[in-house]
Amino acid sequence: MSDHIQVTTVADSQEVAVRLARSAVAARLAASAQVLGPVTSIYWHLGELGTGQEWQTVLKTTASRYPELRDHLLSEHPWDNPEITAVEIVEATDAYLDWLKRTVEPGD
């Protein structure tokens with residue numbers, strides 16, 4: 001597995017998405033974050049098909065920092081069961097990956 005990952009979550013407002021992004025980056029659990037939206041989401045919730053407007057937060061971190069980032073997002077998110085997913089960053093410039101690691105793992 002790559003040491004560098006991209007983590008996503010969603011929120012029902014831009015304000016909440018920005019707050020989640022800012023708090024994670026401020027705590028150095030993510031090197032950067034982008035908030036995208038609004039997006040229209042189609043989903044199953046409590047046995048019903050739903051449609052809603054959401055804001056996506058995309059965060060970049062390392063695999064070793066993921067557990068702390070996940071726990072942070074879970075504790076700060078207003079939803080009981082928010083989407084929190086992670087995928088490997090399989091290609092990027094060496095300079096970017098070095099910066100990412102230095103930012104979330106200072107002193108390593």
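User: Buried means under 20% relative accessible area, exposed means over 50%, and partly exposed lies in between. Which of these classes does Arg28 belong to?

Analyst: The model is predicted, and Arg28 sits in its loop between H1 and S2. The relative accessibility of Arg28 is 41%. That value is neither under 20% nor over 50%, so Arg28 counts as partly exposed.

User: What is the phi of Leu46 near, and in which loop is Leu46 found?

Analyst: Leu46 is exposed, because its relative accessibility is 77% and the cut-off for that class is over 50%. Its phi is positive although Leu46 is a residue other than glycine, and the value is near 55°. As for its place, Leu46 belongs to the loop between S2 and S3.

User: Which residues make the nonpolar surface patch of about 410 Å²?

Analyst: One member is Ile42, which is part of strand S2 (residues 32-45). Ile42 counts as exposed because its relative accessibility is 57%. The patch is made by Ile42 together with two other residues, Trp44 and Leu49.

User: Is Lys60 buried or exposed, and what is the nearest side chain of opposite charge?

Analyst: Lys60 belongs to strand S3 (residues 48-62). Lys60 is buried and has no salt bridge. A salt bridge needs a nitrogen and an oxygen within 4 Å, whereas the nearest side chain of opposite charge is 14 Å away. That side chain is Glu83.

User: Which residues does Lys60 touch, not counting residues up to four places away in sequence?

Analyst: Touching here requires heavy atoms within 4.5 Å. With the residues up to four places away left out, the list for Lys60 is Ile5, Gln6, Ala30, Ala31, Ser32, Gln34, Ile89, Tyr96 and Leu100.

User: Where in helix H2 do the buried residues fall, seen down the axis?

Analyst: H2 covers residues 66-76, and its buried residues are Tyr66, Leu69, His72 and Leu73. Seen down the axis of H2, these residues fall within an arc of 125°, so they line one face of the helix. In general, an α-helix has 3.6 residues a turn, so residues three or four places apart point the same way. The place asked for in H2 is therefore one face of the helix, within an arc of 125°.

User: What do the buried residues of H2 pack against?

Analyst: The partners include two elements given with their residue ranges as strand S1 (4-11) and helix H1 (14-26). Two further strands belong to the list. In full, the buried residues of H2 pack against S1, H1, S3 and S4 (84-88).

User: How many salt bridges does the structure hold?

Analyst: Among them is the pair of Arg65 and Glu68, whose side chains meet at 2.9 Å, N to O. Arg70 also forms a salt bridge, with Asp71, at 3.1 Å between the closest N and O atoms. In total, the salt bridges in the structure number four.

User: Is Arg65 buried or exposed?

Analyst: The cut-off for the buried class is under 20% relative accessible area. Its salt-bridge partner Glu68 is partly exposed, because the relative accessibility of Glu68 is 40%. Arg65 has 16% relative accessibility, so Arg65 counts as buried.

User: Which residue forms a salt bridge with Lys101?

Analyst: The closest N and O atoms of the pair are 3.8 Å apart, which fits the limit of within 4 Å. The pair links distant parts of the chain, 98 residues apart, with Lys101 in helix H3 (residues 94-104) and its partner in the segment before S1. Lys101 is partly exposed at 33%, and the partner counts as partly exposed at 27%. The partner is Asp3.

User: Which peptide bond is cis?

Analyst: The bond in question has omega near 0°. It leads to a proline, Pro38, placed in strand S2. The bond runs from Gly37 to Pro38.

User: By what distance are the C-alpha atoms of Val39 and Trp55 separated?

Analyst: Val39 lies in strand S2 and counts as partly exposed because its relative accessibility is 33%. Beyond its neighbours within four places in sequence, Val39 is in contact with Gly52, Gln53 and Glu54. Val39 and Trp55 are 16 residues apart along the chain, and their C-alpha atoms are separated by 6.2 Å.

Technical notes
Residues are numbered from 1 along each chain as its sequence is written. This is a predicted model: local features need pLDDT of at least 70, side-chain atom pairs count only at pLDDT 80 or more; totals for chains, interfaces and linings use all residues. Side-chain values use heavy atoms; hydrogens and water are left out. Helices (H or I, at least four residues) and strands (E, at least two) are DSSP runs, numbered from the N terminus. Buried means under 20% relative accessible area, exposed over 50%, partly exposed in between (1.4 Å probe, protein chains only). Lys and Arg count as positive and Asp and Glu as negative; His and the chain ends are not counted. Patches are made of residues with over 30% relative accessible area and no salt bridge: like charges are joined within 9 Å, nonpolar side chains (Val, Leu, Ile, Met, Phe, Trp, Tyr) within 5 Å. Accessible areas come from the Shrake-Rupley method with a 1.4 Å probe; for residues, only the protein chains shown count as cover. The arc is that of the directions from the helix axis to the C-beta atoms.
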